[in-house]
Amino acid sequence: DIEIPESHPRYQSLLTRHRIEAGVEKGITSKQGLIAQGRGEAFDYLLGEQTIPSADEAARVAAASLLLADHPVISVNGNVAALCPKEIIELADAVDADIEVNLFNRTEERIQAIVEHLREHGADEVKGLTADGRIPGIDHERAKVDADGIESADVVVVPLEDGDRAEALGAMGKTEIVVDLNPMSRSAQVATIPIVDNIMRAVPNITAHARDLKDASRDELEAIVDAFDADEALAAAERAIRSGDE
Ligand code: PTJ
């Protein structure tokens, strides 16, 4: 990474920007990824660049849901790969999930580059290149997934997903965990478990909760999942953005 003094008031934000830029240079992040990051940053600024309590609760629910899953899959796009590759691998290890590269602007080169990038950061198996499965109801390129990955997953983590696909994955009956800083985005609105937080904070936070819940019984985990109210979590995030309070 670059040398930004950690004492800089906008340290995290500058680090994030640098990672996204480096991702574009490395061929893993799309140019649209730069725009997406800017949109996210605006919401993060309004949230006070912190994990609000409702997002922390959602991260705990996400961890419980991932621990209960038969076949959890974490979807990785060009922004996620650039921003938190190591943290994604740690989460996958903590909840025994598959990692699948799945792109909005799909190109074989970029998938390959992201798979390589994740391997450099310690991932063993990374799915996404087989593309022998489909998400019903969306156009061909965006529908491509691995049959033994996202297609057959019961719980999917889709950080920064686009609205159409988020909706289509929900229609397939999957439990969908969305990380998105915009509580009004369609992906957040259709998610089973929306986490309104920066992926740089949310992914390690889900991992920490998963480690904490490691010895919990299925009954305890189910109780955590059942008590969650997605609409209330979105409303809490919107209140935090509008008022500047939590
Ligand atoms: O690599 P690809 O081809 O799969 O493309 C990925 C992007 C993100 C470019 C693509 O999915 C896209 O265009 O997404 P959108 O429609 O711009 O939506 C991105 C959403 O993520 C917005 O609602 C942002 O607020 C949010 N967002 C951006 N950066 C972050 C974020 N949410 C959490 N953490 C972030 N760092």
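A residue is called buried here if 20 or more other C-beta atoms lie within 10 Å of its own, with C-beta atoms placed from the backbone. By that yardstick, in this predicted model, helix α5 (residues 85–95) is mostly covered, with eight of its eleven residues buried. The buried set is made up of Pro 85, Glu 87, Ile 88, Ile 89, Glu 90, Leu 91, Ala 92 and Val 95, so two glutamates are on the list too. The cover over these residues comes from several elements, including the helices α3, α4, α6 (108–120) and α10 (199–212) and the strands β1 (72–76) and β2 (98–101). Just past the end of α5, Asp 96 takes a positive phi of about 60°.

One residue of α5 turns up again in the largest nonpolar core. This core counts 69 residues, and Ile 88 is one of the three that touch the most other members, along with Ala 62 and Ile 195. Helix α3 (residues 53–68) puts in the largest share of the core, nine residues. As for Ala 62, once its neighbours within four places in sequence are set aside, its contacts are Ile 177, Ile 193, Ile 195 and Ile 206.

Next comes the sheet. Five strands line up in the order β2-β1-β5-β6-β7, giving an open sheet with parallel pairing. The edges belong to β2 and β7 (193–195); each has a single partner strand, so one side of each is left without a neighbour in the sheet. From one strand to the next, the twist averages 20°. At the β7 end, strand β6 (residues 175–179) runs parallel to β7 and is joined to it by three bridges, and Val 179 sits opposite Ile 195 of β7. Helix α3 packs on the sheet as well, touching β1, β5 (155–159), β6 and β7, and its direction makes about 135° with that of β7. Another helix, α8 (residues 163–171), lies across β5 and β6 and runs at about 155° to β6.

That leaves the ligand. It is surrounded by 24 residues, the closest being Ala 36, Gly 40, Asn 77, Gly 78 and Phe 104. Helices α2 (31–46) and α4 (78–83) each supply at least two residues of this shell, and α2 gives the most, with seven. Sorted by class, the shell holds twelve polar, nine nonpolar and three charged residues. Helix α4 thus has a part in two places: it supplies residues to the ligand shell, and it is among the elements covering the buried residues of α5.

How values were computed: Residues are numbered from 1 along each chain as its sequence is written. This is a predicted model: local features need pLDDT of at least 70, side-chain atom pairs count only at pLDDT 80 or more; totals for chains, interfaces and linings use all residues. A residue is near a molecule or strand if its C-beta atom, placed from the backbone, lies within 6 Å of it. Helices (H or I, at least four residues) and strands (E, at least two) are DSSP runs, numbered from the N terminus. Ala, Val, Leu, Ile, Met, Phe, Trp, Tyr, Cys and Pro count as nonpolar, Asp, Glu, Lys and Arg as charged, and the others, Gly among them, as polar. A nonpolar core is a set of buried Ala, Val, Leu, Ile, Met, Phe, Trp, Tyr and Cys residues joined through C-beta atoms within 7 Å. A residue is buried if 20 or more other C-beta atoms lie within 10 Å of its own, exposed if 12 or fewer, and partly exposed in between; C-beta atoms are placed from the backbone. Two residues are in contact if their C-beta atoms, placed from the backbone, lie within 7 Å. Two strands pair if DSSP finds at least two bridges between them. Axes are lines fitted to C-alpha atoms, for helices over the stretch in contact, and angles run from 0 to 180 degrees between N-to-C directions.
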